[in-house]
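Grab a pencil and open the viewer. We'll work through a handful of exercises together, with each solution taken one step at a time.

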Amino acid sequence: MLLGMSENLLITADWVLPVSSAALRDGAVEVRDGRIHSVGPAAELLGESEAERRIDLGAAALLPGLVNTHAHLELTALRGFLEEPDFFGWIRRLTETKYETLDEEDLLCSARLGVLEAVRAGVTTIGDIADAGASLSALSEGGLRAVLYQEVFGPDPAQAEESLLGLLDKLESHQAAAAERVTIGISPHAPYTVSGRLFKLLAELALKEGYPVSVHAAESAAEGEFVRMAQGPFAEYLRSRDIAVEPLGVSTITYFDELGLLATAPLLAHCIDCSADDLRRIAASGSSIAHCPKSNAKLAHGVAPLGAMLEAGVRVGLGSDGVVCNNTCDLLEEARFAALLQRAGSESVCGEAGDFLRLMTLGGAEALGLADSIGSLDAGKLADLCAVDLAAPHFQPVIDVEAAVLYSASARDIVLTVVEGEVLYDGKAMARMDPDGLKEPLAAIRDKLNPAG
Ligand SMILES: [Zn+2]
C-alpha cells in the first residue's frame, strides 16, 4: 500500500460506522482532496467513484479517526517509571525527572514515541498538554491533528506577570513553527500549581486572543483539600516555599467559575470531584470535559461521574492522559474501561455501545471544539479515519458490530489510520515515522531513568 500522501481514495469495509448515523453493512467512504466526499453502500459508491486508489479492508469496521482529548506526549518515555500511588509524591517525582533527568533531545524522542503509538492506535487527533517544543515537532513530523496546549506553571502570585511573559514568548515561537494540523492553546496546569492571579491573567489572554484552554480540574482529594481548606500536601509544599495559601471554601469548579476561567469554555481534564452544581456550571459555560477513567483509576483518584456529566449536557471526550499514569494510549481500551466502570458503578445512565464509540470520536471532537470538521464520517468533513480489523478469533462471531468494536477491540486491532486523506499507517508500515530509529535513544533514556537496571 502506498503511504504518506493525500490521495483520492475509495475505502470499502464489511462495516462502516459513521457515528453520526447508523452502522452500514458493506459500506464505503470516498475521499477527495483530503475530505470525505461520500459515505454509502459499497455497491453504489463503486459505480460512481473517481478515486485513483481503492483500499478494500474486508472484515473490518471503518470509523472516524479516534480523538484523544488529554495526553502528555512528552512524557511517553516515562511509561512504567512512576508506579507509586501517592499523588503528591508522584507529581513531585515526575516534575523533578522531567527537568533534571531528561534533556531536550530526550523529550523529543519521548514525544515521537507518543505520536508513533497514537498513529498505530487509530488516533488521528490529540489534545496534548506540552511544556516544551518537542511535542510540536513530533506532531508536525508525524502528521497528526492536534490542539497543543502550552503548559503554564506559577503558584506564587508575585510572579504571575513573569510567568505570563514566559508563556507569551513560547506561544510566539510555537505560532511561528506551527503546522497546519496543529492549533496552539494554553494550559494552566492545576489549582495547586497556578496562582489565582495568574489564572486571571491567562483567562484574559485566552479571551482576547482566542486561545483554546485546557486545565487539570477536580482530579484528586488532595486538590479538593487544597482549594477548599488550604490544607494537605500541596498547601504544605507551597508554604515551605514561602507562598501564602488561603482556604477558598469552594470546589475547584466554583473557584474557576468565580475567577473567570470558565468564561474561556476550557477543556477540563478529569472532573472526578464534581457536584451537580459544578456540572451545571460546566454545562452553562460551554466548557467540556476530558474523561480519563484509566488514569483516574490507576492514580487511585476515583470514578468520575460520566453519566451525570452527559445528563447535565456537558460535552465529553475520552483521554488517555500521559502513559506515565495509564501505561497505554489506547482509546478503544479507554472506551471499554469507561463503559465497564459505568456498568460496575451505581450510576443510572449506562449507555449503549454506540454511546461510547461516540465518546472516543465525535464526543472528543466536540470537547476540543473541532466537531465541525472531524469526529464523524459525514460528507464535507476532513478525511480522518481509522479501521479495526474484525477478522481475528476474538471478534467472532460479529453479531453486533458496535459491541464488537467497543468490547472486543484494542489498539492492537487497528489496521488503518488516515489523516486528511493521507494514509499514515496501513496495518504494517508507518508513512512518516521510523520505529527502529527510536530504539537507541529510548534505550539511552531507560538507562538514565534506571541506572541500576
Ligand atoms: Zn494530565
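The exercises below use a predicted model.

**Exercise 1: The zinc site**

Find the residues that hold the zinc ion, and work out whether their arrangement is regular or irregular.

*Solution.*
- Step 1. Start at the metal: the zinc ion is coordinated by NE2 of H70, NE2 of H72, NE2 of H216 and OD of D321, at 2.1 to 2.7 Å.
- Step 2. Now look at the spread of angles. The four donor atoms subtend angles of 85 to 170 degrees around the zinc ion, so the arrangement is irregular. The cut-off that matters here is that four donors count as tetrahedral if all angles lie between 85 and 135 degrees.
- Step 3. For reference, the ideal angle for four tetrahedral donors is 109.5 degrees.
- Step 4. Go back to the sequence and read off the spacing of the donor residues, which is H-x1-H-x143-H-x104-D.
- Step 5. Pick out H70 and D321, a pair that links distant parts of the chain, 251 residues apart. H70 is in strand 6 (residues 66-71), while D321 is in the loop between strand 13 (315-318) and helix 13 (331-344).
- Step 6. Check the surroundings: H70 is buried, and D321 is buried too.

**Exercise 2: Rings and a charge**

Work out how F199 and Y255 are arranged as an aromatic pair, then look for other ring features.

*Solution.*
- Step 1. Begin with the total: searching the whole structure turns up eight aromatic pairs.
- Step 2. One of them is F199 with Y255, whose ring centres are 6.2 Å apart and whose planes are at 90 degrees. Planes over 60 degrees apart count as edge-to-face, so this pair gets that label.
- Step 3. Place the two residues. F199 is in helix 6 (residues 196-209) and Y255 in helix 9 (residues 252-259), which puts them 56 residues apart and links distant parts of the chain.
- Step 4. Both F199 and Y255 are buried.
- Step 5. Elsewhere, ring pairs join F87, F88, W90, Y192, F234 and Y237 into a cluster.
- Step 6. Finish with a charge: R93 lies over the face of F81, 4.4 Å from the ring centre.

**Exercise 3: Two domains**

Divide the protein chain into its domains and say how many residues each gives to the contact.

*Solution.*
- Step 1. Mark the parts: domain 1 takes in 9-64 + 376-436, and domain 2 takes in 66-367.
- Step 2. Count the residues in the contact, with 32 from domain 1 and 34 from domain 2.
- Step 3. Add the spacing: the centres of domain 1 and domain 2, taken over C-alpha atoms, are separated by 30 Å.

**Exercise 4: Backbone oddities**

Find what is unusual about the backbone at V19, H270 and P397.

*Solution.*
- Step 1. Get the background first: most residues other than glycine have a negative phi, and most peptide bonds are trans.
- Step 2. V19 isn't a glycine, yet its phi is positive, at about 75 degrees. V19 sits in the loop between strand 1 (9-16) and strand 2 (24-32), and its relative accessible area of 23% makes it partly exposed.
- Step 3. H270 also has a positive phi, near 95 degrees. H270 is in strand 11 (residues 267-270), and with a relative accessible area of 0% it is buried.
- Step 4. Last comes the peptide bond from Q396 to P397, which is cis, with omega near -15 degrees. P397 is in the loop between strand 14 (385-389) and helix 15 (401-408).

**Exercise 5: Who touches whom?**

Place S135 and T361, decide whether each is buried or exposed, and list what they touch.

*Solution.*
- Step 1. S135 lies in helix 4 (residues 134-142). Its relative accessibility is 0%, so S135 counts as buried.
- Step 2. Leaving out residues up to four places away in sequence, S135 touches L73, E74, A111, D128, A130 and L148.
- Step 3. Compare sequence with space: S135 and L107 are 28 residues apart along the chain, and their C-alpha atoms are 8.0 Å apart.
- Step 4. T361 lies in helix 14 (residues 353-367) and is likewise buried, at 0% relative accessibility.
- Step 5. With the same neighbours in sequence left out, T361 touches V19, P64, G65, L66, V67 and G375. That list brings back V19 from Exercise 4.

Note on methods:
Residues are numbered from 1 along each chain as its sequence is written. This is a predicted model: local features need pLDDT of at least 70, side-chain atom pairs count only at pLDDT 80 or more; totals for chains, interfaces and linings use all residues. Side-chain values use heavy atoms; hydrogens and water are left out. Rings of Phe, Tyr and Trp (its six-membered ring) pair if their centres lie within 6.5 Å; planes under 30 degrees apart count as stacked, over 60 as edge-to-face and the rest as tilted. Helices (H or I, at least four residues) and strands (E, at least two) are DSSP runs, numbered from the N terminus. Buried means under 20% relative accessible area, exposed over 50%, partly exposed in between (1.4 Å probe, protein chains only). A charge sits over a ring if NZ of Lys or CZ of Arg is within 6 Å of the ring centre and within 35 degrees of the ring normal. Donors are N, O and S atoms within 2.8 Å of the metal (3.2 Å for Na, K and Ca); water is not among the atoms, so sites may look incomplete. Four donors count as tetrahedral if all angles lie between 85 and 135 degrees; four count as square planar and six as octahedral if opposite donors are over 155 degrees apart and all others between 65 and 115; anything else is irregular. Domain bounds come from an automatic or database domain assignment. Contact means heavy atoms within 4.5 Å.
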